[in-house]
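User: I am new to this structure and would like a close look at one part of it. Please take the open sheet and describe how it is put together.

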Amino acid sequence: MAKHGERKFRSVRRKKRKGFCGTTGSKKRPKLTKEPDQDGLAGSKLEVSDNSDASESEELPMEVNVSASKLQNSSFSMYEEQEGILTRKKSINVGLGVPSVNCDNIASGYKIKDATLLRDCIASAAICSFCRKSQSTLQLFQRDYQREGLAECLFLRCSNCHHETELKTSKRLGGVGGGAHEVNRRSVLASQKLGQAGLADFCARMNFCPPVTKKSYNDHLIQIEKAAVEHARTQMQDAAGRLSDLTKNKHPNSIEDENGTEVAKVAVTVDGTWQKRGHSSKIGVVFVISVATGEILDYEVKSLVCYECRAREHMDRDSEEYKAWKASHTNCHINHSTSSEDMEASAAVEMFGRSVEKLHLKYTTFVGDGDSSSFGRVREAMTAKFGDKYPVVKEEVWAMCRREWVQLSESLKRK
């Protein structure tokens, strides 16, 4: 018991007071007013009220959910007019958007369809164009023995006159015998990571017809590789042309004339990737990348293995069959004999050596990191092949970044 006149200590701690949770006067929502433009059209203008004595009912927080605000208004159109919200209806009215929901487009591309639904649709909606009998119906049939991979042989047969109309499921790409079917080429392109077995499993689960065989699958891969290589060559030629034009505009002193051809001196970097880590990969790819544009100018594939040669290792080297195959095997993939770590330097030497003839460029500045081992090999090879006409200078990455930063800072100071 506390004595009379003494203060009694509280046994319960007081709760902390909450901070200010309201909206300050500086965070009032800007008002949107409409004023006529010079062309006579109504334009919108934002006006921020500086009256700090405004009532609290006019104050709104800066971040308001639009959907919640619309639900609080009886008229959506009035709210949109006041707040200046560009809705889908407004965008269509002013010509900024085209309603594509109710438009019917001409069918194109490949469709996954059920043959039963397609057969019923044709039978109920079409008649034979040969006999033109109203009681005739068109029935959908297929010939499995004429199927080529995913390209099926379908035809329509009239129930009255038995006239047959071919229904093709894929067009051909052109070539000998019409060429391969496009659907087979696309299926191989889309299933490169799955392989032929993975593609066959996918088709079985989707109740499709079986895809192309293993031999045809490999033939499609060869054609896809040819198209990809040709496309990459075209892209690199275009990149080299853009780099030459850029060098001519910004650094005209870096343009040389060799035998009537303009050759540009540019800065590049060399980078490589391998099939697996640990410098034990059998296959590697090395790229030459422009420092000015960041585009790939050239590439080289290095390989320590050829799977065709590996498949015939068990054959007798003195047999006539092996000798005949060896004479016809002119595209062996083995083009590297040393270690996997040496692939980058070896490929860099080859790409630097053909830069003038192939792209009309001279890679005179080699941008690399401190432990780059390719620069020494490249400089020795270029000196041995071209002499003093092809000097190669190394520049560290940090030095180039510092120079670019200084140039950017100076340009900003001038502004």
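**The open sheet and what lies across it**

Analyst: In this predicted model, helix α4, residues 115–125, lies across β3 and β4 and runs at about 150° to β3. The sheet beside this helix is an open one of 3 strands, in the order β3-β4-β5, with antiparallel pairing. The edges are taken by β3 (138–142) and β5 (164–168); each has a single partner strand, so one side of each has no neighbour in the sheet. On average, neighbouring strands here are turned by 30° against each other, direction ignored.

The pairing of β3 with β4 can be followed in more detail. Strand β4 covers residues 153–158, and 5 bridges join β3 to it in the antiparallel sense. One of the residues involved is L138, whose bridge partner in β4 is C158.

Between β4 and β5 there is a loop that contains H162. The phi of H162 is near 60°, a positive value, and this residue is not a glycine. Most residues other than glycine have a negative phi. H162 has 54% relative accessibility and therefore counts as exposed, the cut-off being over 50%.

A hairpin elsewhere in the chain offers a parallel case. Strands β6 and β7 form this hairpin, with 2 residues between them. The two strands run antiparallel and are joined by 4 bridges; I255, for example, has A264 in β7 as its bridge partner. N259 lies in the loop between β6 and β7. N259 is not a glycine either, yet its phi is positive, at about 55°. With 83% relative accessibility, N259 counts as exposed.

Definitions and conventions:
Residues are numbered from 1 along each chain as its sequence is written. This is a predicted model: local features need pLDDT of at least 70, side-chain atom pairs count only at pLDDT 80 or more; totals for chains, interfaces and linings use all residues. Side-chain values use heavy atoms; hydrogens and water are left out. Two strands pair if DSSP finds at least two bridges between them. Axes are lines fitted to C-alpha atoms, for helices over the stretch in contact, and angles run from 0 to 180 degrees between N-to-C directions. Contact means heavy atoms within 4.5 Å. Buried means under 20% relative accessible area, exposed over 50%, partly exposed in between (1.4 Å probe, protein chains only).
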